[in-house]
Structure formats: C-alpha cells, structure tokens
Amino acid sequence: SSDLSASGCYWRGMYTQLESHEAACPFSMVTCEWCLQEMGQGAMQSHSCRSVVEEDTCIVCMESFRALKQHHVAAAIFLLGSRRACSHMNTCVTCAEGWRDGSAQRVAACPACREPYDAVAAVPVHLLRSKNVAQTSGAAASPASAQRPLPPQDKMVVGTSWFVSPLDIRFTHDSVHEAFRPFKKDGELCTLTILDSVRELLHEEPRELEVIDVVWHEEQLYVAGSFNRRLCMYRLLATFVPSRFGLIKIRILDRDDPNLKFWERLTTTCKGLRIKVRPDQSRVVGVHAGELTWEDARSLFQGCHDSNATAEDFDDSAYEARRSSARAKGIRNRKLLPPPKEKPPDP
C-alpha cells in the first residue's frame, strides 16, 4: 500500500495503482509551466499567473520593465534547486544574475524577502502587462486562453499531461446530445445531462480531477473522440467562472492510434470551434459567451460572468430543492433538470 497523507491525501492502495491515482489526485504536486509556482493540481484548475506591470521598476537598478523589455531584459523569477524560491518578480534578470554571480557560493538573496536563490528564470513575455490591462484582465475583459498561451508544441508530446484552457481544445463532432450515456450507481440506472454536470461542479468539490484525452491535429488540440460532451461542459465553466474552472488537465495521445478511431469520429465542419447540443440544434456552445445560444445554460450562469464568482453566487435554489427531495425519497436518478409541466385538469 501507499500512504500519501503528508500531502493531504489519505488514499491507500496497491503500488501498481499509485500512478493512476496520482494522475487524478488533487493533492499531487505540479508546477505551472509559465510562472513556475508549485501547487497541488487541484489548485491548478483555478490558477492564474501573477503578472508584472510594465510601469513598475526593478528594485535594484530602478529601470522600468517596459524600458528593460526594449533591451530584451525580462523580470526575474528566483529559483533554488530548480524550485521557485519566493513569489517576488520585482527584479530584472540582469540584476538578479549579477547578485548571484558576485557571490563566492553563487547563492544570493531576494532583495525583497531575503530568501536564498541559486538560479534565475525569465518571466514569460505574456505576463508583462501595462497597468491598465492588468487592472481589467478579469474574465469579462478577455477569455482565459488569451491570457494563458499553450506551452510549445514540441514539449506537448504523446504521453505527457498538461493544464490548458478548455477554450483551446476543439471538438471532433458537429453536434452532441445533451445527455450522457446512462450508468449504474448502487444498482440503479442514472442519467446525467451536460447542465446537470455543470451544476454538480458548481455546488460540489470534485474528489478527483478528470483527465481529458486529446490529440494534435492540424497544429490544434482536439478531443480524442469521446470527450465532446465533457469539453462542452468545461467550456461553459471556463467562459463564465474562469476563476474556478479556467484550466483542465489533458493527456496527449497519438492521433493515429487505431484504438482511438480519431478519423472515424472527426465529423466537425467548423474545425471544432463550436458544437450544437441536441435535440434542439439551435443551441450552440463556442469559444466565448457571445457565441452561446443555449438559453438554459446562459440562465444558469446569470449574473456570474465574473472572475470572482463562487458557488454561493449561483442562486439555484430549484436545483438544491430537487436534490433534497430526491435524497429524502431515496431516489437515485440524477437527472436534475426541471420536470415537464403537468397538463391542466380536464374541465
């Protein structure tokens, strides 16, 4: 067995099951590709890299980062033993490396907090923003994918896992049905729709992370054929509640693996940018709120197109009432959409 309680996880199991558990465990540690911050992967779903304001100055040389950028000098991230030493990014790379190289042990201290560092990484250029952009870079200002570019494609090879915006992943189908396939739970047949799944994620903390399989196709990421409904759900969440669901975990697979049947499933005629939700194919989910023509979905997120939205902001009392009623009656069916209206009695 394995005990991971030191990280907050109390899972126990056979060693042969450890790898699959760690892939989905929210307490497994991961490092952000861009800002190098280390955290449990459960926190990566809501992670947003802190930016450096162009108008700010290096606290050593007092040059603005905007001026330093003209000379190809970036702000510095301090590292110690390949891990981030502290959270400060207010020193330029030239000054940071100069301080370190001037030490006999090649170890210097952050000028802001005095934490030691022995290496320096450059803050990515997309994290350098003007003051006005930094103040308005919430969910309403721009989509998550515009704020977080994909890692380089040559690093996203088959077998690797990453956290990316679902807005950067494309559909393989033109349309999907709103309901997932029925499944059994505790001996009962359960049905779940896309919006039911959205409601559950909004109101309940997931115990494990879901990993979406994707492939490279025409230099774009596509779902590996069988995750179109899940992607539809995550796009809605990333569009309206990016502060909680801005990123999802993906695993890169080989597009030409015959077991995936990718070519058979690739039926999209819009390059995977949008998908229709059956049975009413006028309902469309795209890459931003303006493309959403699904009124039930829009109503679910009413007033919450906000980067700081939390579960408490969603006034879905009808959902909670249906959940309570179902629990009281011992009902296992999880289809939580409102029932059809009853016909009026005959006169």
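How many residues lie between S15 and S16 in their hairpin, and which residue in the turn has a positive phi? Select the two strands to find out. This is a predicted model. Two residues separate S15 and S16, and Glu218 in the turn has a positive phi of about 55°.

**Stop 1: the hairpin and its neighbour**

Stay on the hairpin. Strand S15 covers residues 211-217 and pairs with S16 in the antiparallel sense over four bridges. Pick His217: Gln220 in S16 stands opposite. Now add strand S11, residues 169-170. S11 and S16 run parallel, joined by two bridges. Look across from Arg170 and you reach Tyr222 in S16.

**Stop 2: from Tyr222 to helix H10**

Keep Tyr222 selected and show side chains. The structure holds four aromatic pairs. In one of them, the ring centres of Tyr222 and Phe262 are 6.3 Å apart; the planes meet at 80°, so this pair is edge-to-face. The pair connects distant parts of the chain: Tyr222 belongs to strand S16 (residues 220-223), and Phe262 belongs to helix H10 (residues 262-265), 40 residues apart. Both Tyr222 and Phe262 are buried. Add Trp263 to the selection. Tyr222, Phe262 and Trp263 make up one aromatic cluster.

**Stop 3: a stacked pair**

Next, select Phe240 and Phe301. Their ring centres lie 4.7 Å apart with planes at 10°, so the pair is stacked. This pair also links distant parts of the chain, with the two positions 61 residues apart in numbering. Phe240 is in helix H8 (residues 228-240). Phe301 is in the loop between helix H11 (295-300) and helix H12 (317-329). Colour by accessibility. Phe240 has 5% relative accessibility and counts as buried. Phe301 is buried too, with a relative accessible area of 1%.

**Stop 4: helix H7**

Move to residues 194-203, helix H7. Is this helix largely enclosed or largely open? Nine of its 10 residues are buried, so H7 is largely enclosed by the rest of the structure. The buried set includes charged-type names worth clicking: Asp196, Arg199 and Glu200. Ile194, Leu195 and Val198 are also among the buried residues.

**Stop 5: the three-stranded sheet**

Finish with S12, S18 and S19. They form an open sheet in the order S12-S18-S19, and the pairing is mixed. Strands S12 (175-177) and S19 (284-285) are the edges, each pairing on one side only. Zoom in on strand S18, residues 275-278. Two bridges join S18 to S19, and these strands run antiparallel. Click Ile275: its bridge partner in S19 is Val285.

Note on methods:
Residues are numbered from 1 along each chain as its sequence is written. This is a predicted model: local features need pLDDT of at least 70, side-chain atom pairs count only at pLDDT 80 or more; totals for chains, interfaces and linings use all residues. Side-chain values use heavy atoms; hydrogens and water are left out. Rings of Phe, Tyr and Trp (its six-membered ring) pair if their centres lie within 6.5 Å; planes under 30 degrees apart count as stacked, over 60 as edge-to-face and the rest as tilted. Buried means under 20% relative accessible area, exposed over 50%, partly exposed in between (1.4 Å probe, protein chains only). Two strands pair if DSSP finds at least two bridges between them.
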